[in-house]
Structures are given as structure tokens and as C-alpha cells.
Amino acid sequence: MLAPITNILPQAVVERLRILPRAGHVRVRQGQNVRATDVIVTAEVNPSHIMLDVASALGVSRAKAADHIERYEGESVAGGDVVAQKKGLFSRVVRSPVDGKIVLMTDGYVFIEEKSTPFELLAGIPGEVKELVHEMGAVIETTGALIQGAWGNGRIGSGILNALSKSPGDVLLPEQVEGGPRDAVLMSGRCSDAEVFRRAAAQQIKGLILGSIQSELIPVVRKLPFPVLLTDGFGDLPMSTAAFRLMSTSHKREVAVNAEPFDPDTGSRPEVLIPLPTAPDVGPAPVIGRLEKGQRIRVTRSPRKGTLGIIDSIPPGRMMFPNGLRLQAVRIKLESGEIMLVPLANVEIVNVRS
Amino acid sequence: MPASIVDADSVLAIDVGTVTTRAFFFDAVEGSYRFVAMGSAPSTYAPPINNSTEGVRNAIDDLQAITGRSFINENEVLITPSSEITGGVDALAATTSAVAPLKILTVGLLEDVSLESAKNLASTIYSRLVDSISMNDRRKLVTKVDDILRQQPDLVIVAGGTENGASKSVIKLLDPIGLANFLMPENQRPKVMFAGNKGVSAEVQEALSSFASVSIAPNLRPSLESEQLGPAEGELRRVFRQIYSSRDPGLQELDSWTSGRLLPNATGFGRMIRFISKNDRKKAVLGVDLGSSSTVIAAAHDGHLVQRIYSRFGIGNALESLTKVTSMKAIAGWLPFDSSEADVRDYVLYKMTYPHSIPMTDEDAAMELALARELVRIAIRDAQKHFPASIPELHAGVLPVFEPIVVSGSTLANNARAGQNLLALLDALEPAGVTVFLVDTNNMLPSLGAAAEVNPLMPVQVLETGGLRSLATVISPVGEARTGSSILRVRAKLPSGEERKIDIKQGALMTIPLDPGLKAELQLQPLQRYNVGLGGPGRGGTLKVVGGLLGIVIDARGRPLRHPGNASRRKERNQRWLAALKK
């Protein structure tokens, strides 16, 4: 049975496809090493157009207008350039009002695509460009520790990891973010104070990794210029012990934070990457898993939400639960040795190696 | 045994949902078709697999494990036709809701006429309206073009011109479509479906065919007065299949397995609601399907169906849409325990992260049903504007009288106790008069609707043999009176021979036990000119009712429901109502 998977791995090969949904200009070459914040591909996402009515402006028929146009489709023009003119005693001139490119000339009209600031897609992780995707982007590959999270504010950044808390449930206080280095990516357990984010922005930090925040802070966090990644979600959840342990032991290492939100349509999810050389036998981080005996899972719903366990067995058919529901289930063994039955829909595979 | 069953065709129906893929097996048992079993597995249309086939295969594997019957041979091919030796199945049907809604641009001459019809047509499939262009649109041509380029629609529905009516103005409306398509890369150009004046179809083809794939559908507005969506719906479904098959090879395969009959899940659901409405032509039927990514409301009367699909408005990862149209306070107001707005927001965000998870505690179930109430309340209020005028209303602004009300979707049909589910439905829909709540516990109505194409007899018999489970017969008197005053006298003759007389007071919510399938006779005498739908205010009568999991429920809480402003009183009231339907 397939199940979602969250990777918390000290060593993994990580490969990420970074493409735009429409054609653009790829800015990297195969084999190039990139940083998380390097631009992979740019595209004119929403260019505006200008329509010049050449026939009316020159006072000629639509059929004759083409004879007076001095430009070609595909040609770039600068603001003020002559596009068409009628010479003679009563000469008239049509100029481009903007910098841009002529994209269509038809029936006495000229359409100019206005030059705009292109959208830039960043690499998201540091690594090597393994493959180019024609006009769309590239595949980036790297090795290192991978921690996948639950939510992100959409930003990408990198810096030096500064583990500020001693336990996964520690609350991050405003005074803790001040006075440190400006290239830091801070890591702590929980946060419920908007002042933390205000001071972090003033400090120009490069990122913030937390177990959880209070959900009312989302609007504040979405406006921040640096990435904020939550490993576990919203409310008062501590950071999972596996993620906390891995990042605590990476204090002062370089870290990349891709806080892109979870999107089931594209498969993207927020993640932290700590670039490290890996042993030759280390394989790629899996993207989906199959539930099997002996696998480590996390319970995603109450009761026992967040509890880690090992699959003891997967009973066939449907099992009856105390609330009267008959569901596909897994029997799991908790760290305490207790065995419990959990709906199959309420577990996710936690791929943890230490 | 009926003659038509002698050569019975078994049916395997696949439903690829946003979260779960289900495989249903229907076969003839003892002379009539029955639902035999269902297998399920997580859907795999989304990344990282991006192909529905794996989920379909896993759901069939689960079905094979449950039934002990083989449906797929060692070469991974569907075994068909069926035989006693090899197993297999005779016919296949398929539905899907595992699709991002189609981005649709509607174009029509008049806003209130053809453009409205184009929008109504768009709402019959999983869609999101990105823009509309009409004759009165004041935007410059180039602005319209830029807007189209920015919105990137998947499909443009063009309506306009009654038969033998306007033609030049219809063609003029196409200018921005043609220009935008010209400027787009070929692989991103939207398809165009023309459903207007048949007389200009050829001109539309000529104007756009160089830049777009154009299909022609029957006119949505053959005359100013009449709207006909039905004939164009088939063409729209064909375009829907074409677009989604190109995005998911698994759906493409499923479409070819079913010989091009892959249906939107909501279409299958609507088809069954229409079918049920033909059983008793005097009564209207309401269908509510609350899914993970969409909510569907279908109302049918005498075979005439009105259906609204609210895409990206569901109880899974689409919950964000709900937070934009209601408040956390409104959601918390349905809970029978203290909960802050922050608690509700945390729950919503968590549910969006784990959309397939199932509530296992009373608190989680209550939270989930509070969300369900708001989703359904908002959807039904909008859908109500479009219901057929022929459905009777007991009072202006109150839900018209439907019997039965059919409910599908795991949250409202499965994931809580029957009493919790029924209370959520009564709160959300606020039915009026006498109705029966039927739940589709296996989420099989859409599949039955799809299977009707390959085996029309099967859905009839599956429903007759218990395909739907009755929650209760509900009596909801409508009128005005002080809380606590008598509004209805009920005399119930129960199958045990017992006779009960009950004086119903305004504000009451109570049950009369009557097991599923058992019948009772009710004499209803409304007081204070209350209306129970038996001929007008104050009119009573005798009716035979059938029991359900909660028997007979009398909901005299008033229409519309009034809510105390005080959170503590509201919580106590919710607890009281829940206790009244404790089962």
C-alpha cells in the first residue's frame, strides 16, 4: 500500500526538477555548480501588449497600411522608434511608445510586446546541473542531509545554521534572534510572538527553521523576505526529535532552505538541505513509500498524533475501530512496546536514518 | 428471474478520486444486480507518480483480495468477458474527480443571457471561471488579450446568438480569443467550444481554427427565453476527457478501457440524482456530495436536473477556499466544546496537509463536521438560486421540499456516528417538510451513474437492493412561534403496535426510534399555522414513513436556525442537539 513519505536523512542523493510551466530562457549550463539562490530559468510571465492602429494614424486604408510599416515581426524596438510612416507633403509618423518587441502585424495594426521584468526561478538547492530541460529549466543534483517539512512561506535562501534551542519544544524569544551573524539561518522549536519575525527581518537573517508557529502568524510570515520553514505545522507542536537531532548536530554548517509550500499538484514541499559529501552506497531520497512490516511511521491524527512507531503488521481487509468505523489499518509498535491499531489513512512513512 | 438478468453482465466501476481510488464490483446475485464489494487505494495521479494507473491497479488488487476473484491476468490485462474459471468482468465504467479544475473563459453576447448560460454550462464540470467577455465589456481589445494571456484558460466557451439571430456581433467577440491564441505558444493555447447560433458555426471555425482547436456544440440559448444546457453537456464532457487524458496517461488508459466513456465523477452523481427523481415524479430529489477537493449540489425534479459543482471547495486540500468565504468564528460556532479561532485555523491547516486522514476522536469528528456544515451551507445557498422553479417551497428563503436528500462523500456519509452526521446535515441544509436522508456509504453513486451507460438495469436494482442507507425520516415544520410553544401534534403508530402521541414544541429536536426498513404511520397536525408540506400552513394528514438508523427525527428548531451570540450558550445548545441525536 502506498503512503506519503517524509525524509529526515543525514545522507542522501537529492535530485530536484526545477522548471517553469512555460517556455523561457535557461540561465545555467550542464555540469555547472549552482547555489540555492542562483537563477535557473527566466521567463516573461505576463508581458503587456500595445496595439498601434497604424492605418488610422497614417490615414490610409487597412489594405495599404502594410506598405508604410518599416518594421518586421519579431524585431525589437525602443521607445520612440519609428514603426511606420507616410512620406510626402503631409507626412505622418507612428512611433513605438515603449521598449519591446513587435509580435504581430495584421490588418493595419501592430502589436508590441512590452519589455518587462522577467520572472526568475531559483535553484532551491545547491548542487550540480545534471540535465537541462529545453527552454523550461534544469535538474539539480546534490548530496547531503535532507529534512522535509510541513509548511513554508514560499522563499528560498541559504546561510550558516545557528541552532538556538536545546530541546525540540523550546520557544524562540525575540532577544534570541538579535546580535548574531547576518548570514545565519536560525533553528528553534516553536514561535508564538510576531516580534521574533520583526527583529529577525531587521537583523537580515537568511532563514528560519521552526517546528511550529501559531497559525495567526501566517500573514506576518508570508511577508518576510527570508524563508521560514515549519517542520511539523501549526499550533504548539515541538519539532520532531529526528529533525531536531539532525539539525542540532549540523550547527555552524552551511544550509539551504527551500520554503516552497506543499503543493500536491506539483509535488513540491518545503525542505532543508545541508550539503555534505556522502558515502558511495548512499542512494536517492525516496519520494513515495510502500507500507511494509518493520517500517517507521508517524501517526498523523489524534489520538497519538505525532507518535512514532514501527509497523508490526498490516491486517487484511477492514478493521473495526472504537468509533464504529471499519477501515484499512496498520498495527504499529510504539517505542514503549505498546501495540496499537491505526487507520492506514492516518500514518505517514518517516524515512529516518541516523 | 427477470428476462434481462439471464445474460447478466457484471460491471467493474473505477472511480479515481482526489485522495482515494475505488474499484466497485457489481454482479447479479439471486436474480438481481447487487453491489458485491469495493477495493480502494490512494490515488496516484499527482506527483511524484503522475499517473492514475498505479492507484487503479492497487484498488483492483484490494478488490481481488476482498472477493478472491481475479480481474487482471498475469499480463496485466483486464479479464473480459467474465467466466467462472478465469473470473474477470463483462463491462467497465469509470469516473474521475482527480483533476485540477479546468480554467474556463466564458464569452457571450449579453451578460444576463448567453454569458450566464455559458457560465452555467461551465459549472457542470470541474472548472474555475477565470474571466468573462461580453458585448458590453468596456476593456480595450489589447487589455482583453493581455488578460487572457495572463489567465491561461484551458477552455473558452463561446455562447451567443439565438438560432437565426445575431451573427456579426458573435464573430466580433472572438477577436481577443484569436489574437491571444496567436500570441501563445501552440502547446498552451486553450481549446474553444462554440455553443451559440448554429448559423455562424462555420464562420467561427474559419475565424479561429488556425490558432485553436474548435469544437461545435448545440446552442445553449436557442431562444432568448430558453436555456438548454443538456445537449451541449455531452460535447463539454468530450472536451473534458480530451484535456485530462492528455495530462494523465492513466486517465487516458481508463478512457480507452471504457471506450471513451470516462465521466467526471460529478456527472455520474448527477445522473443518479436525476434517475432517482424519476421514481416519484411529484417529489424533487437533492444530492449533496462533499468531496476532498469539490462540493457538488444536484437538484432534480421529474427527471430535470440542475447541478452545481464547486471546484476547489472541499474538505481536503481545497479547504483554503472555505477560509476565504467564512470565518473561523463561524466554524467554531458549530462545535460542542470550547475551541478558539486559532484551534480551528490550526485544524484547517493540518487537514490541508493530511487531506486523506480520518478523524478518530469525537473532537476531531466534530471539528471536521463543523467544516462540512460551512462548506455545504455556502454551496447550497448559492445552488438554491438555480433550482428548478417547479420544486415547491414551504416558505420564501427556506430550502425547497426534497424527498429524499441523498448524501455522498466520506465526511458526511462515513467518518462519524450517524447522529453526528445527521445533525451536521440538518444544520447545513435546514430542510423543510418531510424528507428522508439517504447516505451513500460506499461513495458508489457516481460509479453507478457511469455504469448506467453500459448496463442501464444495474443502477436500478443496486439501489433497490440497499445501495443507499437510510439515516432517518425527518419532519421539519416551518412557521413562526415562541420557543417552547406547541407547534405540532404527532400520533405515531409503530410496527410493534405501540401508539405514541407527542406534542412538539418550537425549538425541539427529537427522535422516535424506528429501525431501518420498518414502517410506521404518522398523523401530523400542525398548530399555529405551521407548515409540514401537507397542503399548506396548518394542514395536517397521515403518512407512512420508513425508519432509518436514527428512526424518525422531528426537527422543530425553526427555519432559519437562529444562533445565540454568546459562545458559551451556543456550545451548550450544540451539546443538547448532539445528545438528542446520540446514536
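In this predicted model, helix α13(B) passes helix α15(B) in a right-handed crossing. The two helices of chain B span residues 362-383 for α13 and residues 418-429 for α15, and their axes come within 8 Å and cross at roughly 30°. Because angles under 35 degrees count as roughly parallel, α13(B) is roughly parallel to α15(B).

From α13(B), the residues that meet α15(B) are B:Ala365, B:Leu369, B:Ala372, B:Arg373, B:Val376, B:Arg377 and B:Ile380. On the side of α15(B), the partners are B:Gln420, B:Ala424, B:Asp427, B:Ala428 and B:Leu429. By class, this contact of α13(B) with α15(B) holds eight nonpolar residues, one polar residue and three charged residues. An α-helix has 3.6 residues a turn, so residues three or four places apart point the same way.

**A second helix pair in chain B**

Helices α3(B) and α5(B) pack with their axes 9 Å apart, at an angle of about 50°. That angle makes α3(B) oblique to α5(B). The crossing of α3(B) past α5(B) is right-handed. B:Leu141, B:Lys144, B:Val145, B:Ile148 and B:Leu149 of α3(B) make the contact with B:Asp175, B:Pro176, B:Leu179, B:Ala180 and B:Leu183 of α5(B). Eight of the residues in this contact are nonpolar, two are charged and none is polar.

Which residues of α3(B) are buried? They are B:Lys144, B:Val145, B:Asp146, B:Ile148 and B:Leu149. Their cover includes α5, β5 (102-108) and β6 (127-134) of chain B, together with β6 (49-53) of chain A. Just after α3(B), B:Gln152 takes a positive phi of about 50°.

**Where the chains touch**

The contact between the chains takes 39 residues from chain A and 39 residues from chain B. On the side of chain B, the elements that give two or more residues are β3 (32-42), α1 (52-67), α3 (141-151), α5 (175-183) and α12 (341-353). The residues on this side of chain B divide into 23 nonpolar, ten polar and six charged.

**Strands of chain A**

The strand β6(A), which helps to cover the buried residues of α3(B), is joined by five bridges to strand β11 (residues 109-114) of chain A, and the two run antiparallel. In this pairing A:Asp53 stands opposite A:Tyr109 in β11(A). Strand β10 (residues 100-106) of chain A is also antiparallel to β11(A), with six bridges joining them. Here A:Ile102 stands opposite A:Ile112 in β11(A). The strands β10(A) and β11(A) form a hairpin with two residues between them, and A:Asp107 in the turn has a positive phi of about 55°.

**The sheet of eight strands in chain B**

Chain B has an open sheet of eight strands in the order β13-β12-β11-β14-β15-β16-β22-β19, with mixed pairing. Its edge strands are β13 (304-311) and β19 (509-512) of chain B, each of which pairs on one side only. The twist from one strand to the next averages 20°. At one edge, four bridges join β19(B) to strand β22 (residues 552-555) of chain B, and these strands run antiparallel. B:Leu509 stands opposite B:Asp555 in β22(B).

Helix α9 (residues 265-277) of chain B lies across β11 (284-290), β12 (294-301), β13 and β14 (402-408) of chain B. Its direction is at about 25° to β12(B).

**Backbone exceptions**

Most residues other than glycine have a negative phi, and most peptide bonds are trans. The table gives two residues with a positive phi.

| Residue | Phi | Place |
|---|---|---|
| A:Lys252 | near 75° | loop between α5 (241-248) and β20 (254-258) of chain A |
| B:Asp302 | near 55° | loop between β12 and β13 of chain B |

Is A:Lys252 exposed or buried? A:Lys252 counts as exposed, because it has 10 C-beta neighbours inside 10 Å. B:Asp302 has 16 C-beta neighbours inside 10 Å and therefore counts as partly exposed.

Cis peptide bonds occur in both chains. In chain A, such a bond joins A:Ser302 and A:Pro303, with omega about -5°. A:Pro303 is placed in the loop between β23 (296-299) and β24 (308-313) of chain A. In chain B, the peptide bond from B:Glu403 to B:Pro404 is cis, with omega near 5°. B:Pro404 lies in strand β14 of chain B, one of the strands that α9(B) lies across.

Terms used
Residues are numbered from 1 along each chain as its sequence is written. Chains are lettered from A and ligands numbered from 1 in the order in which they are written. This is a predicted model: local features need pLDDT of at least 70, side-chain atom pairs count only at pLDDT 80 or more; totals for chains, interfaces and linings use all residues. Two residues are in contact if their C-beta atoms, placed from the backbone, lie within 7 Å. Ala, Val, Leu, Ile, Met, Phe, Trp, Tyr, Cys and Pro count as nonpolar, Asp, Glu, Lys and Arg as charged, and the others, Gly among them, as polar. A residue is buried if 20 or more other C-beta atoms lie within 10 Å of its own, exposed if 12 or fewer, and partly exposed in between; C-beta atoms are placed from the backbone. Two strands pair if DSSP finds at least two bridges between them. Axes are lines fitted to C-alpha atoms, for helices over the stretch in contact, and angles run from 0 to 180 degrees between N-to-C directions. Angles under 35 degrees count as roughly parallel, over 145 as roughly antiparallel, 65 to 115 as roughly perpendicular and the rest as oblique. A crossing is left-handed if the near helix is turned anticlockwise from the far one by less than a right angle, and right-handed if clockwise.
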